[in-house]
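Welcome to a short tour of one protein model. Please have the sequence and the 3D view open side by side as you read.

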Amino acid sequence: MTLLVTLVSPVAPARAVDYPSWQDLQNAKANTASAAAQVTAIENLIAGLQVQVQETQAAAEKSANELEVAQQEFDDATRRAEDIQTQADASKATADAATKQAGQLAAQLYRTGGTDLSVNLFLEGEGDGADADLLLAKLGNMSKLVERSSDVYESAQSATNNAQSLGDQAKVAQSERETLRVAAEAALAAAQAAAEAAANALADSEAKSVELEQQLQFMRDAQATTTAGYEAGVAERARLEAIRVAAEAAAKAAAAAAARANSGGSGGSVSMTGWAVPASGRITGGFGPRSVICNGGQCSGSFHYATDLGTGCGSPIYAAHAGVVTWAGVLGTYGNFVKISHGDNVSTGYAHIQNGGYNVRSGQSVSAGQIIAYSGDTGAANGCHLHFEVWIGGNRINPVPFMADRGASLG
């Protein structure tokens, strides 16, 4: 309950700030003292924006860590419930077989029509005594049969009791699993809200910082500056930033094309079913138990709910199927992480993306084989690789058979 309350707590709204207008700056420019005060105020506003972004991002990271813990507990509980149910089913099968065997022995013992088997055996041997040895043999066999029957009945009862106990445990485990599923869903909603708030705060901060930097430059300029010059400066800075972003995108696209050409085209290739290989590289880690990996102050779980592909640093990562990005940000031991919803309760996840390696944003639609990010070693990772996950209805499953069934084999 404490976890749920924590997860559904609303994200703190951004603080309302009064930013100076162009007229405020013109008025202050005429007075040295006012100009100095305005410079200090603008510097404080810029610093405040940076603090606000840091605080919002810290809140988003906290929610993301809670999401990871909730998902891990849910998946662990699912495996426990499945294991116990498997044991309960096996025990029930054993009990059914033992009960059937006991019934067959009972039928064999009492096939005399309800009379006492021992009496019948004695009556059979009342003749001239020549059948005494045969009588003793029959009595011995009967004794062993009765003893065996008792053993089988006890075994059947024990198996039945064990099956009942395991069945009860399975119900408890399933109830626990459902509770943790609700917690995981609440954690996801809270983490997504926090991540969106952080992204919006960063975008607002960057947009406002451009204007504030120009205002600061104007106030520090000893020469008179016209409104047109000020506005031209703001526009020019925005133009240069757009050029820089476009250049970075072009460089990434070129690197991706080169990597794809050198990889033989396996990564990103789309099958007839519309599913794509998420990255080139051999399988370096499978789905299942493994040693804990600690890096950067974070440690992974002891069960690996994914398949690792040895991509190398900076290699392109492709959307495994068409869908909508539901997460693009930092997520605990995943480091930089992207998650895509493909509909029908199916999602895929891509972890350990390099810093600055996102090619998509949350809410964006993507197509199968589209480059969504670039491989790195952020989070709890030893070396650059892609940690690839598949969800079915909230549970993480083994990606290898899932992707093979769709004609996009991994590795």
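## Charges that meet inside

Asp75 and Arg396 form a salt bridge whose closest N and O atoms are 2.4 Å apart. Since Asp75 belongs to helix α3 (residues 32-109) and Arg396 to strand β14 (residues 395-397), this pair ties together parts that are 321 residues apart in sequence. Please keep in mind that you are looking at a predicted model.

Arg396 has another partner: it also makes a salt bridge with Glu389, with the closest N and O atoms 3.2 Å apart. Asp75, Glu389 and Arg396 are thus members of a network of salt bridges, and the count of salt bridges comes to 2.

Are these charged residues buried or exposed? Asp75 is buried, at a relative accessible area of 2%. Arg396 is buried too, at 8% relative accessibility, and Glu389 is buried with a value of 1%. The cut-off behind these statements is a relative accessible area under 20%.

## Aromatic rings

Which kinds of ring contact can you look for here? Searching the whole structure gives 7 aromatic pairs. One of them is Phe287 with Phe303: the ring centres are 5.4 Å apart and the planes stand at 85°, so this pair is edge-to-face. The two residues come from distant parts of the chain, 16 residues apart, with Phe287 in the loop between β1 (283-285) and β2 (288-289) and Phe303 in strand β5 (residues 303-304). Tyr334 and Phe337 form a stacked pair, with 4.4 Å from centre to centre and 15° between the planes. Phe287 and Phe303 also join Tyr305 in one aromatic cluster.

The table gives the accessibility of the residues in these two pairs.

| Residue | Relative accessible area | Class |
|---|---|---|
| Phe287 | 27% | partly exposed |
| Phe303 | 12% | buried |
| Tyr334 | 7% | buried |
| Phe337 | 2% | buried |

Within the edge-to-face pair, then, Phe287 is partly exposed, while Phe303 is buried.

Positive charges also meet rings. The charged end of Lys339 is placed over the ring of Trp391, 3.9 Å from its centre. Likewise, Arg406 lies over the face of Trp275, and here the distance to the ring centre is 5.8 Å.

## Strand β8 and its partners

Which strands pair with β8? Strand β8 (residues 323-330) runs antiparallel to strand β9 (residues 336-343), and 6 bridges join the two. In this pairing, Val325 stands opposite Ile340 of β9. The hairpin of β8 and β9 has 5 residues between the strands, and there Gly332 takes a positive phi near 50°.

Strand β8 is also joined to strand β11 (residues 365-366) by 2 bridges, again in an antiparallel arrangement. If you want to find this contact in the viewer, look for Val324, whose bridge partner in β11 is Ser365. When you follow the side chains along a strand, it helps to know that in a regular strand they alternate between the two faces of the sheet.

## The whole protein

Finally, step back to the full chain. The secondary structure amounts to 7 helices and 14 strands. The protein has 411 residues, of which 37% count as buried. Among contacts with a separation of 6 or more, 71% are between residues 24 or more positions apart. The accessible surface comes to about 21600 Å², and carbon and sulfur atoms account for 54% of that area.

How values were computed:
Residues are numbered from 1 along each chain as its sequence is written. This is a predicted model: local features need pLDDT of at least 70, side-chain atom pairs count only at pLDDT 80 or more; totals for chains, interfaces and linings use all residues. Side-chain values use heavy atoms; hydrogens and water are left out. Two strands pair if DSSP finds at least two bridges between them. Helices (H or I, at least four residues) and strands (E, at least two) are DSSP runs, numbered from the N terminus. Rings of Phe, Tyr and Trp (its six-membered ring) pair if their centres lie within 6.5 Å; planes under 30 degrees apart count as stacked, over 60 as edge-to-face and the rest as tilted. Buried means under 20% relative accessible area, exposed over 50%, partly exposed in between (1.4 Å probe, protein chains only). A charge sits over a ring if NZ of Lys or CZ of Arg is within 6 Å of the ring centre and within 35 degrees of the ring normal. Contact means heavy atoms within 4.5 Å. Accessible areas come from the Shrake-Rupley method with a 1.4 Å probe; for residues, only the protein chains shown count as cover. A salt bridge is a side-chain nitrogen of Lys or Arg within 4 Å of a carboxyl oxygen of Asp or Glu.
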